[in-house]
Amino acid sequence: MKLRIITAFCLLSLGMLSGQVKKWTLEECVIYAVENNLSVQQAELDLRNAELDKSEAISGLLPNVNAQLQAGGNTGLTFDPTTNQPTNTTIQTATGNTTASVNLFDGLRNYNALRRADMNKLANQYRLDDLKDDIRLNVALAYLQILSNKETLKVSRALFEATEQDLERTKAQVEEGVLPKGDLLEIQATAASQEQQIVNGENEVLLSRISLAQLLQITDYENFDVADEDYNVPPSDVLLNSPREIYEKALTFRNDIKASEAFVDLAEKDVKIAKGAYMPTLSAFFQYSTRYSSQFREPLTGNDVSFVDQLWLNDGIFYGARINVPIFNGLNVRNSVKRSQIDLERAELQFEQDKLALETDVNRAYVDVKNSAKNYEAAVKTFDARRLSYEYAKERYEVGLLNAFDFGVAQARVDNAAAEVIRTKYDYIFRIKLVEFYFGLPLTLN
């Protein structure tokens, strides 16, 4: 009986836990998105490829060692590999060799290729980090959109509850003959409109939740939600800096700028690699070889020599150096150098373009946050004024000095003002976070 009770309690607890929806914070969303985004995973594969490129570049500095073994038989006229004399009989032979070669100098192309591989790996790392930065911004925007929609929905429900109270009061006054029936119809129309706003608000919350879930690669939309917290406009000292100061700070750490600069370095290395083909190449080689023949005999006694003994008697070493001097190659090297120089100029122009784009984005973000602050302050003042006007209109309506239509207009104005406060508030929060992001501060709502 005790075991059954414990089992039932555990199953009930698990059911309650499974029915609870996890409330995600912004930090959790950002971390999860970066770890599970498909584009990030693809960029990580590119980084792994860059690591393999470096391994290949290192192998270009190492010697090549190869071994070869050949065995066979021949009937008829052939040359004995141990004596290099012609023989016209059946013979079994075997040869083997080990060859090693190394590039001593190739115009520093191998060395520059290794340096280029390091730069390419670094550039891919910057690209990956820049992609993560973009995902963080998109997640923050989607997260704030959910909070904005939730707060708007909360206000709509509160206004609807207040309208329901006005509706009940109006019904009683109409039944008592204090107010005309038209006032009741006007209040009912207002309540119906607010119900429609609630439905639209619920849809907006759902759609924004789905949008964020897709960024996080989460398919269980129904059980995904963000933490229900009321965020105020955060104080920020970053606006004490000028746009130029924010831009100069962004230049020091922005991954897109670092990636663009790394591509310039890569292009410079490509020019050096291409010019290296003008230089002569010097290589060294070493070969050890041995051979066996079934017709080989001891020179003095004429006795057969065993396979193992022949390997020692017939071995030899061959070594030397080789130099290759390019004289004319159909202008291939010349054209390759010019093409790499054009790519370098293109990379330099792109680097300047990226810096100009960053400066434009920083200035736009700075202007936007200033305008957002003014819009938010104006929206708050408008709401305060509309709220006081609505309270005054409500008092007049309750004593019969204002008709239901004018009272509905006052209520609609305060509804719109409340919605505008929420919209400008979260727009202002995001603009602040965007400027802070350009200044190097982490994305957090705390």
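Here are legends for a handful of close-up views of this predicted model.

**View 1. A nonpolar patch sits on the surface.** Twelve side chains would crowd a label, so here is the roll call: Leu-104, Phe-105, Leu-108, Tyr-111, Tyr-278, Met-279, Leu-282, Ile-323, Val-325, Ile-327, Phe-328 and Leu-331. Together they put about 1200 Å² of accessible area on show. Ile-327, one of the patch residues, belongs to the loop that runs between strand E8 (316-324) and helix H9 (332-398). Ile-327 counts as exposed, because its relative accessible area is 81%, against a cut-off of over 50%.

**View 2. Helices H4 and H5 pack against each other.** H4 covers residues 109-175 and H5 covers residues 181-215. Their axes are 8 Å apart, and the angle between them is about 160°. That angle makes H4 roughly antiparallel to H5, since anything over 145 degrees gets that label. As for handedness, H4 passes H5 in a left-handed crossing.

**View 3. A salt bridge links strands E6 and E1.** Side chains of opposite charge can pair when their charged atoms come close. Here the side chains of Asp-225 and Lys-23 meet, with 3.0 Å from N to O. Asp-225 is in strand E6 (residues 224-226) and Lys-23 is in strand E1 (residues 22-24), so the pair ties together parts that are 202 residues apart in sequence. Are the two partners buried or exposed? Asp-225 is buried, with a relative accessible area of 9%, while Lys-23 is partly exposed at 38%.

**View 4. Arg-364 and Asp-361 form a salt bridge within helix H9.** The closest N and O atoms of this pair are 3.1 Å apart. Both residues lie in H9, three residues apart, which is about one turn of the helix. Arg-364 is partly exposed, with a relative accessible area of 45%, and Asp-361 is partly exposed too, at 30%.

**View 5. Arg-387 and Asp-384 form another salt bridge in helix H9.** For this pair, the closest N and O atoms are 3.7 Å apart. Because Arg-387 and Asp-384 are three residues apart in H9, about one helical turn separates them. Both are partly exposed: Arg-387 has a relative accessible area of 30%, and Asp-384 comes in at 32%.

**View 6. Lys-23, Lys-150 and Asp-225 belong to one network.** Salt bridges that share partners do the joining here. The Asp-225 and Lys-23 contact from View 3 turns up again, at 3.0 Å from N to O. How many salt bridges does a search of the whole structure find? The tally is 19.

Methods. Residues numbered from 1 in each chain as written. Predicted model: local features only at pLDDT ≥ 70, side-chain atom pairs only at ≥ 80, totals over all residues. Heavy atoms only, no water. Patch = residues over 30% accessible without salt bridge, like charges linked within 9 Å, V, L, I, M, F, W, Y side chains within 5 Å. Areas by Shrake-Rupley, 256 points an atom, 1.4 Å probe, with all protein chains shown as cover. Salt bridge = Lys/Arg side-chain N within 4 Å of Asp/Glu carboxyl O. Helix = DSSP H or I, 4+ residues; strand = E, 2+ residues; numbered from the N terminus. Buried < 20%, exposed > 50% of the residue type's maximum accessible area, 1.4 Å probe, protein only. Axes fitted to C-alpha atoms, helices over the stretch in contact; angles between N-to-C directions. Parallel < 35°, antiparallel > 145°, perpendicular 65-115°, else oblique. Left-handed = near helix turned anticlockwise from the far one by under 90°.
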